[in-house]
Amino acid sequence: GPAGDSSFYRPVVATGVNNAWALGGANGTGGNDTPNAAIAHWNGTAWKVSGVPAGVNSSIIAASAPAANDIWAVTFQNGWILHYNGHEWTVAKHVTGQGEFTGITATSASNVWVFGGGGFEGGLGTWHFDGAKWTQVTSGQAVGLEFGNALSAKDIWAVGGTQSPQSAIERFNGTSWQLASTKG
């Protein structure tokens, strides 16, 4: 992070032995969240601090990397969704309002899911990017999702729930989110 600040990293994503990203935040006082995002890149030889898009004012909490030139990240607070296109980090979307993002999973540049379940401060909701536009999911099983991971575009798993945070396991089959049974 900036000189004189303390830095911390939360997610790490790698697309190869010579390409990894550590993302998080930096500030001089410590704490759980910070006013500055921090991004560092591993090129196989050394770590180098990377530029953060202007205006991003929260630490990065989650990231997903379907390819070396297609990396996605979300900030904990203030609604920033970031994208790395192989050359630079940009703001893909800024969701305004109170709340937080809690997770992100991407299978390609045209299939990105952002999660903002209840959390500590209320969530910003579940969002989907189809390569052209962002859409907020406002009904159904995906509303309260917090964290997710994808095997493919038609097989995505997430934790969350409409009743309370992290109360259910959900599965996306390429068409809709369904409650997955937790009975053993």
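Accessible areas here come from the Shrake-Rupley method with a 1.4 Å probe. On that basis, this predicted model has an accessible surface of about 8,900 Å² for the chain, and 51% of that area belongs to carbon and sulfur atoms. Of the 184 residues in the chain, 43% are buried.

Let's turn to the fold. The chain holds 16 strands and zero helices. Among its contacts with a separation of 6 or more, 34% are between residues 24 or more positions apart.

One open sheet is built from four strands in the order E1-E2-E3-E4, with antiparallel pairing. Its edge strands, E1 (6-16) and E4 (47-49), each pair on one side only. On average, neighbouring strands of this sheet are turned by 25° against each other, direction ignored.

Further along the chain, E10 (residues 111-115) is a good strand to look at: five of its five residues are buried. Asn111, Trp113 and Phe115 point one way from E10, while Val112 and Val114 point the other way. E9 and E10 form a hairpin, with two residues between them.

Here are three antiparallel pairings, each with one of the residue pairs that face each other:

| Strand pair | Bridges | Facing residues |
|---|---|---|
| E2 (residues 19-27) and E3 (residues 36-42) | seven bridges | Gly24 and Ala38 |
| E9 (residues 103-108) and E10 | five bridges | Ser108 and Asn111 |
| E10 and E11 (residues 126-129) | three bridges | Trp113 and His128 |

Strand E10 thus appears in two of these pairings, with E9 and with E11. Two of its buried residues, Asn111 and Trp113, stand opposite Ser108 and His128, respectively.

Conventions
Residues are numbered from 1 along each chain as its sequence is written. This is a predicted model: local features need pLDDT of at least 70, side-chain atom pairs count only at pLDDT 80 or more; totals for chains, interfaces and linings use all residues. Side-chain values use heavy atoms; hydrogens and water are left out. Buried means under 20% relative accessible area, exposed over 50%, partly exposed in between (1.4 Å probe, protein chains only). Contact means heavy atoms within 4.5 Å. Two strands pair if DSSP finds at least two bridges between them. Axes are lines fitted to C-alpha atoms, for helices over the stretch in contact, and angles run from 0 to 180 degrees between N-to-C directions.
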